[in-house]
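Student: Please take a close look at the surroundings of the ligand. Then follow the chain outward from there and describe what it connects to.

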Amino acid sequence: MKTEKQYKDLTIREFTKAADIYESSHAGIYEMCKDDYPYISGELTKEDYTDLLDCGCGTGPMISLLYEEDPTRHYTGIDITPRMIEVARAKNLPGVTWVVGDCENLPFDDNAFDAVICSNSFHHYPNPQKFFDSVQRVLRPGGRLILQDYTAPGPVLWLMNHTEMPLANLIGHGDVGAYSLDEVRGFCGKSGLRVEKLERGKKFRLHLVARKGPVPEPQRNDSLTRKEQIKNAYKLTGSKSGFYFRQTECSPQ
Ligand SMILES: C[S@@+](CC[C@H](N)C(=O)[O-])C[C@H]1O[C@@H](n2cnc3c(N)ncnc32)[C@H](O)[C@@H]1O
């Protein structure tokens, strides 16, 4: 069993080596990651959004695709491996923000994003609950997390976690763990995200769509206008895309 630091150091070493070939046609096992991009963009198109965060964005293949479809939205990519972010930055996509950082402790304001995506990065996180808590914090009320990773039925999952991943660690991979659907439901529940879709797909794929609770009804006070009532229930904060609300205390009537 490795420490959190050992796993993260392994991850950074693994992807520092992979960064220059990651999006090429000779990227080996990483080429599989491309299979998940259509699923994520398919989910994203179901709802409008302005500010999107890609957690564990790597060299930014997903953001590049989304940017090609619509360059007017604001995209942010975060990754723990500086070299992955350097390669992403070199794409020179105007208006896109690239950040070197840890998805278990997202360095963004509360309620900053309408959508958070995470593709094939989650199994590298030693503290999965911290990731979900952090995503819940940075999502706006009503915003969605769309996550793709590994899962498997019980015995296969055990083999993945107790043989495949430790062996992968020996050859320099920073894999930490895959989770059952129940475990993922538990992480979401604890962080306050509502699961809307949780499935095991072909090739041991985990599909998750989870939403931060909707904007609650403001406390009713007939002497106030609706706008004033909403302001009472939320603290108004600014964002690049206009205004959004930060939830404060709001007790039922
Ligand atoms: C297999 S790549 C996936 C890249 C991209 N999302 C894709 O689907 O092609 C996994 C990425 O997760 C990043 N990563 C792993 N642990 C991380 C963490 N704790 N915080 C941020 N990024 C992390 C790695 O550096 C790597 O770039």
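Tutor: In this predicted model, the ligand is surrounded by 21 residues, and the closest are G56, G58, S119, S121 and H124. By type, the shell divides into 10 nonpolar, 8 polar and 3 charged residues. Among the elements that contribute, helix 1 (4-18) and strand 2 each supply at least two residues of the shell.

One of the closest residues, G58, leads to Y22. Leaving aside neighbours within four places in sequence, Y22 is in contact with G58 and also with A27, Y30 and T59. Y22 belongs to the loop between helix 1 and helix 2 (37-44). Is Y22 buried or exposed? Y22 counts as buried because 22 other C-beta atoms lie within 10 Å, and 20 are enough for that label. The C-alpha atoms of Y22 and V87 are separated by 9.5 Å, although the two residues are 65 places apart along the chain.

Next comes the sheet. It is open and mixed, with 7 strands in the order 3-2-1-4-5-7-6. Strand 3 (97-100) and strand 6 (193-201) are at the edges; each has a single partner strand, so one side of each lacks a neighbour in the sheet. From one strand to the next the twist averages 15°.

Strand 2 (residues 74-79), which supplies part of the ligand shell, pairs with strand 1 (residues 51-55) in the parallel sense over 5 bridges. Within that pair, L52 stands opposite Y75. Helix 3 (residues 61-69) packs on the sheet, where it touches strand 1, strand 2 and strand 4 (113-119), and its direction makes about 175° with that of strand 2. Helix 5 (residues 128-138) also packs on the sheet, touching strand 1, strand 4, strand 5 (139-150), strand 6 and strand 7 (205-212). The direction of helix 5 makes about 145° with that of strand 5.

Now the nonpolar core. In soluble globular proteins, nonpolar side chains tend to be buried together. Here the largest nonpolar core has 53 residues, and those with the most contacts inside it are F113, V116, I117, V138 and L145. V116 shows what such contacts look like: beyond four places in sequence, V116 touches L53, C55, V135, V138, L139 and L145. V138 and L145 thus appear both among the partners of V116 and among the residues with the most core contacts.

Before strand 4, the loop from strand 3 contains N111. The phi of N111 is near 55°, a positive value in a residue other than glycine. N111 is buried, because 22 other C-beta atoms lie within 10 Å.

At the other end of the sheet order, strand 6 and strand 7 pair in the antiparallel sense over 8 bridges, and G201 stands opposite R205 in strand 7. The hairpin of these two strands has 3 residues between them, and K203 there takes a positive phi near 55°. F204 is found in that loop between strand 6 and strand 7, and the phi of F204 is likewise positive, near 60°. With 15 C-beta neighbours inside 10 Å, F204 counts as partly exposed, whereas N111 is buried.

Methods:
Residues numbered from 1 in each chain as written. Predicted model: local features only at pLDDT ≥ 70, side-chain atom pairs only at ≥ 80, totals over all residues. Pairing = 2+ DSSP bridges. Helix = DSSP H or I, 4+ residues; strand = E, 2+ residues; numbered from the N terminus. Axes fitted to C-alpha atoms, helices over the stretch in contact; angles between N-to-C directions. Contact = placed C-beta atoms within 7 Å. Core = buried A, V, L, I, M, F, W, Y, C linked by C-beta atoms within 7 Å. Buried ≥ 20, exposed ≤ 12 C-beta atoms within 10 Å, placed from the backbone. Near = placed C-beta within 6 Å. Nonpolar A, V, L, I, M, F, W, Y, C, P; charged D, E, K, R; others polar.
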